[in-house]
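This briefing looks at how neighbouring helices pack and at a loop residue that sits between two of them. Please read it alongside the sequence and the model.

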Amino acid sequence: MKTISKVLALSLCLMASINTASAQPQRMTPEERAKIQTEALTKQLSLTKDQVAKVDSINLQYAKLNQEAFSKAGSDREAMRKSMTENQEKHKGAMKSVLTDEQFKKYEEWLKEQQQRMLNNRGGRR
């Protein structure tokens with residue numbers, strides 16, 4: 001009986017550690033972030049094939065810039081926030097040059113939704 005209890009306890013500990021390890025978020029590469037963002041925008045904005053290629057290139061460029069800003073800033077959150085805000089404004093400008101007026105309006109709405117979703121996921125902390 002003691003052996004069964006020990007095996008059961010060991011199994012529970014092992015399962016708990018596996019669940020904890022798998023629950024750790026993995027950081028996506030800039031390429032993965034750009035791909036996911038482009039796929040979402042393709043659906044949301046009904047992008048043409050030409051627009052998809054341009055949007056993907058823009059998204060990748062700014063995903064890399066944001067990754068670089070994150071890496072350079074280290075623990076200086078204010079520097080990171082400033083750099084990423086600047087990148088976001090430039091990103092919007094690049095997107096505006098590719099999208100129609102109607103698509104850009106939808107894009108801005110999508111950005112607001114994404115920002116709200118992110119705040120909700122973080123518990124609204126800033």
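Which residues are buried in H2? In this predicted model, the buried residues of H2 are Pro 30, Ala 34, Gln 37, Thr 38, Leu 41 and Leu 45. Viewed down the axis of H2, these buried residues fall within an arc of 105°, so they line one face of the helix.

**Helix H2**
- The buried residues of H2 pack against H3, H4 and helix H5, the last of which covers residues 101-121.
- Lys 35 and Lys 43 are exposed, and they lie on the face of H2 that is turned away from its buried side.
- The 16 residues of H2 should span 22 Å at 1.5 Å a residue, and its end C-alpha atoms are indeed 22 Å apart, which agrees.
- H2 is followed by Ser 46, whose phi is positive, near 50°.

**Leu 47, in the loop between H2 and H3**
- Leu 47 is found in the loop that lies between H2 (30-45) and H3, and because its relative accessibility is 11%, below the 20% cut-off, Leu 47 counts as buried.
- Apart from neighbours within four places in sequence, the contacts of Leu 47 are with Leu 41, Thr 42, Val 52, Val 55, Leu 99 and Gln 103.
- Of these partners, Gln 103 is 56 residues away from Leu 47 along the chain, while the C-alpha atoms of the two are separated by 8.4 Å.

**Helix H3**
- The buried residues of H3 are Gln 51, Val 55, Ile 58, Asn 59, Tyr 62, Ala 63, Ala 69 and Ala 73, and the buried residues of this helix pack against H2, H4 and H5.
- For the 25 residues of H3, a span of 36 Å is expected at 1.5 Å a residue, and its end C-alpha atoms are 36 Å apart, which agrees.
- Just after H3, Gly 74 takes a positive phi of about 60°.

**Packing of H3 with H4**
- H3 (residues 49-73) and H4 (residues 77-98) pack at an angle of about 170°, with their axes 9 Å apart; because angles over 145 degrees count as roughly antiparallel, H3 and H4 are described in that way.
- On the H3 side, the residues that meet H4 include Val 55, Ile 58, Tyr 62, Leu 65 and Phe 70, and on the H4 side the residues that meet H3 include Met 80, Met 84, His 91, Met 95 and Val 98.
- The residues of the contact of H3 with H4 divide into 13 nonpolar, six polar and two charged.

Note on methods:
Residues are numbered from 1 along each chain as its sequence is written. This is a predicted model: local features need pLDDT of at least 70, side-chain atom pairs count only at pLDDT 80 or more; totals for chains, interfaces and linings use all residues. Side-chain values use heavy atoms; hydrogens and water are left out. Axes are lines fitted to C-alpha atoms, for helices over the stretch in contact, and angles run from 0 to 180 degrees between N-to-C directions. Helices (H or I, at least four residues) and strands (E, at least two) are DSSP runs, numbered from the N terminus. Angles under 35 degrees count as roughly parallel, over 145 as roughly antiparallel, 65 to 115 as roughly perpendicular and the rest as oblique. Contact means heavy atoms within 4.5 Å. Ala, Val, Leu, Ile, Met, Phe, Trp, Tyr, Cys and Pro count as nonpolar, Asp, Glu, Lys and Arg as charged, and the others, Gly among them, as polar. Buried means under 20% relative accessible area, exposed over 50%, partly exposed in between (1.4 Å probe, protein chains only). The expected span of a helix is 1.5 Å times one less than its number of residues. The arc is that of the directions from the helix axis to the C-beta atoms.
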